[in-house]
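Reader: I've got a new model on my screen and would like a quick walk through it. Could you take my questions one by one?

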Amino acid sequence: MLRQTILRTGRRLALCLILLLAAAPGRADEPAAWAALEQGGHVALMRHAVTVPGVGDPPGFRLDDCSTQRLLSEAGRDWARRFGVELRERGVTGARVLSSAWCRCVDTAELMELGPVEVFEPLNSFFGNRDDGAAQTAAVRDLMAGWQGPGTLVMVTHQVNVTALTGIYPASGEVVVLRPGGEVVGRIRP
């Protein structure tokens, strides 16, 4: 009896794992994401590249002092440079490049070398203050809805912001490509 229960439980777990893997987005949407970026008129919503270990920022961090913040690791800096090169090689132009005020986001955006980087406060992290999330998310949605191109609207932000906008929990350096209305076209993972 115990053996049968274990076998049934094992089968159920295996079935759940298969269903989970089938539902998880793979890299199949990456070609669609690249095609949309090459076409122009889309939005590239990027989580900043890999940082030094940690979550959030140290106590007492200040936006006006990068030395108080969690910064990009060398791997993150390298990824941002390489991703920018790939974008330029594919003819993707950043008609407008916006960033959170956090140094790790500004650095990611600048290292991609797609054009001048503007700080857009609604892209700032609301990880430590969830009350700001709805208003910031609405402001970013409004900006995206009005985007007409011709190039790509590039926005570098944080996991919490990307998740609020798309429902996707992105990896560091991951790009979610959207139509201006907010529909996800695909994802480009580091």
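Reader: Let's start with a backbone detail: which residue follows H6, and what is its phi near?

Author: Keep in mind that this is a predicted model. Right after H6 comes Gly167, and its phi is positive. The value for Gly167 is near 80°.

Reader: Why is H6 described as largely enclosed by the rest of the structure?

Author: Helix H6 covers residues 159-166. The buried ones are Gln159, Val160, Asn161, Val162, Leu165 and Thr166. H6 counts as largely enclosed because the buried share is six of the eight residues.

Reader: And which elements do the buried residues of H6 pack against?

Author: One partner is a helix, H5 (133-145). The others are strands, and E1 (43-47) is one of them. The strand list also takes in E4 (152-157), E5 (175-178) and E6 (184-188).

Reader: Stepping back, in what order do the elements of the protein chain run?

Author: The protein chain has six helices and six strands. Reading from the N terminus, it opens with α-α and finishes with β-β. Written out in full, the run is α-α-β-α-β-α-β-α-β-α-β-β.

Reader: What order do the strands of the open sheet take?

Author: There are six strands in this open sheet, and the pairing is mixed. At the edges sit E3 (117-119) and E6, each pairing on one side only. The twist from one strand to the next averages 25°. Across the sheet, the order is E3-E2-E4-E1-E5-E6.

Reader: Does E1 run parallel or antiparallel to E4, and which is it for E5?

Author: Five bridges link E1 with E4, and that pair is parallel. On the E5 side there are four bridges. Val43 has a partner in each of these strands: Leu153 in E4 and Leu178 in E5. So as not to mix them up, E1 is parallel to E4 and antiparallel to E5.

Reader: Which residue of E5 is the bridge partner of Met46?

Author: Met46 is among the buried residues of E1. Its bridge partner lies in E5, a strand that runs antiparallel to E1. That partner is Val175.

Reader: Which residues of E1 are buried on each side?

Author: In a regular strand, side chains alternate between the two faces of the sheet. Five of the five residues of E1 are buried, so E1 is largely enclosed by the rest of the structure. Both faces are covered: one side has Val43, Leu45 and Arg47, and the other has Ala44 and Met46.

Reader: How do the helices sit on the sheet; what angle does H4 make with E4?

Author: Helix H4 (residues 103-112) lies across E1, E2 (94-99), E3 and E4. Its direction relative to E4 is about 145°.

Reader: Which residues lie nearest the centre of the largest pocket?

Author: The largest pocket has a volume of about 340 Å³. Its lining comes to 21 residues, with seven nonpolar, 10 polar and four charged. Nearest its centre are Gly56, Arg70, Arg104, Ser125 and Phe127.

Reader: Last one: what percentage of the residues in the protein chain is buried?

Author: Buried here means under 20% relative accessible area. The protein chain has 190 residues. The buried share is 47%.

Notes
Residues numbered from 1 in each chain as written. Predicted model: local features only at pLDDT ≥ 70, side-chain atom pairs only at ≥ 80, totals over all residues. Heavy atoms only, no water. 1 Å grid on protein atoms, 1.4 Å probe; cavity = no way out; pocket = protein on both sides within 12 Å on 5 of 7 lines; lining within 4 Å. Points joined across faces, edges and corners; volume = space filled by probe spheres on them. Nonpolar A, V, L, I, M, F, W, Y, C, P; charged D, E, K, R; others polar. Buried < 20%, exposed > 50% of the residue type's maximum accessible area, 1.4 Å probe, protein only. Helix = DSSP H or I, 4+ residues; strand = E, 2+ residues; numbered from the N terminus. Contact = heavy atoms within 4.5 Å. Pairing = 2+ DSSP bridges. Axes fitted to C-alpha atoms, helices over the stretch in contact; angles between N-to-C directions.
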